[in-house]
Amino acid sequence: MKHLKNRLRSHAYIALLCLIGLSGNSHALAGDGAQLISVSITNGTSVMPRTVFTQTWTMKNTGTTTWSPTYNGYTMNIVGEDSLGAVPPVAKTFASHTLSTIIGSGASIAPGGQATFTMNFITPETSGAVTDIFQLNNSSSVFFGPTNALQVVVMSAGSTNQYDRARAVSYANNYSGYVNSDGYFWTNGSSYGTFTPLSIAPSSGLGDDCAHFVSCCIGSEPHVRGGGLKIASRVPPTYGEPGAAHLVDTTLIAPGYAVEVFSLNDMEPGDLIGWNWEGDTNVADLDHVTLYLGNGLLAAHSASCQDVSADSWYQDSESLAVRHLIHIIDAPAITSFMAGKNLVLTWGTNWTGYTLYSATNLGTGAIWTKSTKSPVVVGQLNRMTNSVSPGAIFYRLAMP
């Protein structure tokens, strides 16, 4: 099993990379060696926001030891923190919070042979260069071989301020086994303790700190932003919502920020999975909530579960477990209809802080102009009436 020491924290990241570069494989097993042969995504590749892509590393075994193919064997592990919403393709069968991926073929790799390691990624909303670093890790949990940087350039697509699924997954990857960025941990259902952020999460019963963790993943915790939703801090100074049922049913579903779906095919990375342990099917009676990472995997506090199966992890251990799949709506949707010669646009009042913008084209260099008018509230809808002018015009909602 991978140990906590594999996770290098950001405050020592630069120094450790320099040390790795100077020391090479001196701390690995004497027979371990590796060479990077090729990658599927080269550094500097431009990618649009909210894009899922796959990186494949082909590595040659230049040592004298055989690489075993399981998560307890030879893996490709992240060095430092994740910024690209990384999700491995295969679930782990044990509690872990090490972000890693296994040999793709599922076979052992003898000296001189080649292995492929694959990981999925999600580009964030913010444009610019984003980098994750990976390196091979042996069966004794020691890094060896070259460090492999994956850097993509997220293209500018305008300010959408949509739910940032990449940041939600990255937060889960970085904090699943550690105290959240606000420095608090709910040690039981009614109280919390103060700890150092990124210190090892306290060991306690299943479900403790679950909603607080998920709130930080999907929300806007002031120290480290997650997905960007505005989750109210119901029990300050802790960020977000400490109760699983309250977070899912009251904070997200009731005001229209999320809906329950009934297949993992309808889920996206950054969505939620809630659980009831007594066989109760009411979504308002949840006992536990987890973050869905994609590829059928999930992450949670306080059992430090990361990259475990959403189909078997809890079902195998809880005979009465009832699962609820919660899809977060990325942004308010605009509906439109004609009223005489005017175009009427509407969107729900549950979405606060959004402003209407318009542009004459959808190109990457399009200029989006903020509307000077304010919507009129009609029932549960914001309503704005616009005159129709010649030529194409496109509308979208964004936070100022």
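This tour visits the strand pairings of the structure, one selection at a time.

The model is predicted, so local features are restricted to pLDDT of at least 70 and side-chain atom pairs to pLDDT 80 or more, while totals for chains, interfaces and linings use all residues. Residue numbers start from 1 along each chain as its sequence is written, and side-chain values use heavy atoms, leaving out hydrogens and water.

**First stop: the open sheet.** Select strands 1, 3 and 6, which form an open sheet in the order 1-3-6 with antiparallel pairing. Strand 1 (34-39) and strand 6 (114-122) stand at the edges with a single partner strand each, so one side of each has no neighbour in the sheet. Neighbouring strands here are turned by 30° against each other on average, direction ignored; axes are lines fitted to C-alpha atoms. Strands are DSSP runs of E with at least two residues, numbered from the N terminus, and two strands pair if DSSP finds at least two bridges between them.

**Second stop: strands 3 and 6.** Select residues 52-61, which make up strand 3; its antiparallel pairing with strand 6 extends over nine bridges. Within this pairing, display phenylalanine 53, which stands opposite phenylalanine 121 in strand 6.

**Third stop: strand 4.** Next, select residues 75-79. Five of the five residues of strand 4 are buried, so this strand is largely enclosed by the rest of the structure; buried means under 20% relative accessible area with a 1.4 Å probe, protein chains only. Add residues 128-137, strand 7, which runs antiparallel to strand 4 and is joined to it by five bridges. Valine 79 stands opposite isoleucine 133 in strand 7.

**Final stop: strand 5.** Select residues 100-101, where strand 5 pairs with strand 4 in the antiparallel sense over two bridges. Here methionine 76 stands opposite threonine 101.

Notes
Helix = DSSP H or I, 4+ residues; strand = E, 2+ residues; numbered from the N terminus. Axes fitted to C-alpha atoms, helices over the stretch in contact; angles between N-to-C directions. Buried < 20%, exposed > 50% of the residue type's maximum accessible area, 1.4 Å probe, protein only.
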